[in-house]
Amino acid sequence: HAPETYMEKISAKVSEKGVVDLDYSTKENIFNLCDYLNKKPESITACIMNRPRHKKIITELNQIGVKIKLITDGDVSGALLVTDEKYGVDIFLGIGGGPEGVLAASALDSFNCIFQGRFLFSDKDRVRAKKMGIQNFTKKYDLNEIVKGDSIFCATGITSGDLVPGIKIEKDQFISETIVTHKSSGSKKIIKKTATK
């Protein structure tokens, strides 16, 4: 099992650049989002993974009075909770897996959302990244730099989450739900599939 490459991430249902940004402080991101959405801090919900590395951000969010949705895992789905008001999440932030950041970006590419990611390289990662032509190890990547051209994203719920329920077993049938997005067609849907044992 290869060591995971980490990425600092932020996503929000924002169509304009400069409202939220990885280079801003937590406080600046929240107050900019409040202005943009015309909401008070206590009406904003931030989603973040419940990890010790996020203690400082969680403390800052609590001081501002923001509601916090802590997730134990699945930061791809966490980043996607900003896509629809029904999920009740205004901003996703924190550090998670690099590959998961790329997956989240590919899904968010079909929605009118902002996503930014910045890889956090270990010494071993830097050697690998250099071989791949990466010179700037502190570069912040916008969504259109992570995902170029058309994109298709599919994710099937295995265990139940906020986006789709997990696999259900009813008598002799397995029922699954898959979220599918396709940028060029503008398709964003959930496909329900039934398979017989």
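1. A residue is called buried when its relative accessible area is under 20%, and exposed when that value is over 50%, with partly exposed in between. On this scale R118, with a relative accessible area of 13%, is buried because its value falls under 20%. The structure under review is a predicted model, and the points below should be read with that in mind.

2. Salt bridges. The structure holds twelve salt bridges. One of them joins R118 to E8, with 3.2 Å between the closest N and O atoms. This pair links distant parts of the chain: E8 sits in strand β1 (residues 6-12) and R118 in strand β5 (residues 114-120), 110 residues apart. While R118 is buried, its partner E8 is partly exposed at 24% relative accessibility.

3. The network around R118. The pair of R118 and E8 does not stand alone: E8, D21, D23, R118 and K140 are linked in a network of salt bridges. As background, side chains of opposite charge can pair when their charged atoms come close.

4. K69 and D162. Another salt bridge brings together the side chains of K69 and D162, at 3.2 Å from N to O. K69 belongs to strand β3 (residues 67-71), whereas D162 is in the loop between β7 and β8, so this bridge ties together parts that are 93 residues apart in sequence. Both ends are partly exposed: K69 has a relative accessible area of 24%, and D162 stands at 42% relative accessibility.

5. E145 and K139. The side chains of these two residues also meet in a salt bridge, with an N to O distance of 2.8 Å. E145 is partly exposed, at 31% relative accessibility. K139 is partly exposed as well, at 27% relative accessibility.

6. The largest pocket. Its volume is about 470 Å³. The lining counts 21 residues, and those closest to the pocket centre are G74, S77, T159, G161 and L163. Two elements, α3 (75-80) and β7, give two or more residues to this lining. Helix α3 contributes the largest share, with four residues. Sorted by class, the lining has ten nonpolar, nine polar and two charged residues.

7. S77 and G161. Which residues lie closest to the centre of the largest pocket? S77 and G161 are among them. The C-alpha atoms of S77 and G161 are 8.0 Å apart in space, although the two residues are 84 apart in sequence. S77 is found in helix α3, the element with the largest share of the pocket lining. The relative accessible area of S77 is 30%, so S77 counts as partly exposed.

8. Nonpolar surface patch. I158, I167, I169 and F174 form a nonpolar patch on the surface, and together they have about 380 Å² of accessible area. I158 is placed in the loop between β7 (152-156) and β8 (168-170). Is I158 buried or exposed? With 57% relative accessibility, I158 counts as exposed. The loop between β7 and β8 also holds D162, the partner of K69, so a residue of the nonpolar patch and a salt-bridge residue are both placed in that loop.

9. Positive phi at N38 and K171. Two residues deserve a check of the backbone. N38 is not a glycine, yet its phi is positive, near 55°. N38 is in the loop between α1 (26-37) and β2 (45-49), and at 73% relative accessibility N38 counts as exposed. K171 is likewise not a glycine and has a positive phi of about 55°. K171 is in the loop between β8 and β9 (173-182). At 81% relative accessibility, K171 counts as exposed.

10. E4 and S122. E4 is found in the segment before β1. The C-alpha atoms of E4 and S122 are separated by 9.6 Å, with their positions 118 residues apart along the chain. E4 is partly exposed, at 34% relative accessibility.

Technical notes:
Residues numbered from 1 in each chain as written. Predicted model: local features only at pLDDT ≥ 70, side-chain atom pairs only at ≥ 80, totals over all residues. Heavy atoms only, no water. Patch = residues over 30% accessible without salt bridge, like charges linked within 9 Å, V, L, I, M, F, W, Y side chains within 5 Å. Areas by Shrake-Rupley, 256 points an atom, 1.4 Å probe, with all protein chains shown as cover. Salt bridge = Lys/Arg side-chain N within 4 Å of Asp/Glu carboxyl O. Buried < 20%, exposed > 50% of the residue type's maximum accessible area, 1.4 Å probe, protein only. 1 Å grid on protein atoms, 1.4 Å probe; cavity = no way out; pocket = protein on both sides within 12 Å on 5 of 7 lines; lining within 4 Å. Points joined across faces, edges and corners; volume = space filled by probe spheres on them. Nonpolar A, V, L, I, M, F, W, Y, C, P; charged D, E, K, R; others polar.
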